[in-house]
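Subject: Structure handover

Hello,

Here is the structure I promised to pass on. Please open it first, then read the notes below.

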Amino acid sequence: MASKVVLVLSIAIGLFFVFTGSIKVTPAINKQMHDELRKNFGKYARDFPLRQYTGWKPKSKLYMKTIGWLEVICGAILMLLPSNTYKNVANVILLGIMTGAVYTHYAVGDILAKSTGAIVFWLLLTCRLVIVARAKEQPTTTTVPPQSEYDESTEQKKTQ
């Protein structure tokens with residue numbers, strides 16, 4: 001059962017990130033949304049999460065394209081590759097991106113509604129990792145159903 005849940009979650013999350021990453025990479029899908037994201041990434045680059053530690057501020061266009069390509073590649077890995085190892089690495093990378101997105105929305109003073117998507121997908125990515133980890137912990141042996149109180153052999157012994 002857990003494997004089906006992980007598969008469905010992986011495909012749904014992967015589709016979302018391939019779509020949103022594609023919008024960041026190219027204006028061909030939705031020019032208006034791409035232009036809005038370019039404007040927003042100008043703000044986000046000023047409050048780059050690692051800027052206070054490194055002093056480096058990325059160029060907004062490069063920042064947006066990098067995040068977009070990471071989302072497309074990791075989303076495709078979640079959807080298409082059968083290996084859980086690669087999927088888990090992609091999951092962790094996307095978790096890092098979503099953590100950065102939530103922090104960035106907070107740092108620039110955006111309203112909560114702007115970071116809701118990042119929070120929801122952060123939770124979905126976390127749930128996927130938890131389910132995968134729990135599935136590895138559980139043994140794969142089949143369980144024997146409990147024996148009922150009424151057993152024909154026991155009943156026969158009592159009557160003899």
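**What was found**

Start at Asn 91. Leaving out residues up to four places away in sequence, Asn 91 touches Leu 125, Arg 128 and Leu 129. One of these contacts is polar: the side chain of Asn 91 meets the side chain of Arg 128 at 3.2 Å. Asn 91 sits in helix α5, which covers residues 84–107. Its relative accessible area is 0%, so Asn 91 counts as buried.

Please keep in mind that this is a predicted model.

**The overall fold**

The chain has 7 helices and 0 strands. Along the sequence, the pattern reads α-α-α-α-α-α-α. There are 160 residues, and 31% of them are buried. Take the contacts between residues at least 6 apart in sequence: 66% of them join residues at least 24 apart.

**The nonpolar core**

The largest nonpolar core holds 23 residues. Those that touch the most other members are Phe 17, Phe 41, Tyr 63, Leu 94, Met 98 and Leu 125. Five elements give two or more residues each to this core: α1, α2, α4, α5 and α6. Helix α5 gives the most, with 6 residues.

Met 98 is worth selecting on screen. Residues up to four places away in sequence are again left out. Met 98 then touches Phe 17, Glu 71, Ala 118, Phe 121, Trp 122 and Leu 125. Leu 125 is also on the contact list of Asn 91.

**The largest pocket**

Next, the open space. The largest pocket has a volume of about 790 Å³. It is lined by 31 residues, and the closest to its centre are Lys 24, Phe 41, Glu 71, Ala 101 and His 105. Phe 41 also appears among the best-connected core members, those that touch the most others. Glu 71 is one of the residues that Met 98 touches.

Which helices build the lining? At least two residues each come from α1 (2–25), α2 (31–46), α4 (60–80), α5 and α6 (112–137). The largest share, 7 residues, comes from α5. By type, the lining divides into 19 nonpolar, 8 polar and 4 charged residues.

**Three more residues to look at**

- Ser 22 is in helix α1. Is Ser 22 buried or exposed? Its relative accessibility is 16%, under the 20% cut-off, so Ser 22 counts as buried. Apart from neighbours within four places in sequence, Ser 22 is in contact with Ile 29 and Val 72.
- Arg 38 is in helix α2. Its relative accessible area is 47%; this lies between 20% and 50%, so Arg 38 is partly exposed. Arg 38 and Lys 61 are 23 residues apart along the chain, yet their C-alpha atoms are separated by 6.8 Å.
- Leu 50 is in the loop between α2 and α3 (51–54). Leu 50 is partly exposed too, because its relative accessible area is 46%. Leu 50 and Gly 100 are 50 residues apart along the chain. Their C-alpha atoms are separated by 9.4 Å.

**In short**

Helix α5 comes up again and again. Asn 91 lies in it. It gives the most residues to the core. It also supplies the largest share of the pocket lining.

Best wishes

Key. Residues are numbered from 1 along each chain as its sequence is written. This is a predicted model: local features need pLDDT of at least 70, side-chain atom pairs count only at pLDDT 80 or more; totals for chains, interfaces and linings use all residues. Side-chain values use heavy atoms; hydrogens and water are left out. Helices (H or I, at least four residues) and strands (E, at least two) are DSSP runs, numbered from the N terminus. Buried means under 20% relative accessible area, exposed over 50%, partly exposed in between (1.4 Å probe, protein chains only). A polar contact is a pair of N or O atoms within 3.5 Å; within protein, one must be able to donate a hydrogen and the other to accept it, and residues adjacent in sequence count only if both atoms are side-chain atoms. Contact means heavy atoms within 4.5 Å. On a 1 Å grid over the protein atoms alone, a cavity is a set of points where a 1.4 Å probe fits but cannot get out, and a pocket is an open set with protein on both sides within 12 Å along at least five of seven lines; lining residues have an atom within 4 Å of a point. Grid points are joined across faces, edges and corners, and a volume is the space filled by probe spheres set on the points. Ala, Val, Leu, Ile, Met, Phe, Trp, Tyr, Cys and Pro count as nonpolar, Asp, Glu, Lys and Arg as charged, and the others, Gly among them, as polar. A nonpolar core is a set of buried Ala, Val, Leu, Ile, Met, Phe, Trp, Tyr and Cys residues joined through side-chain atoms within 4.5 Å.
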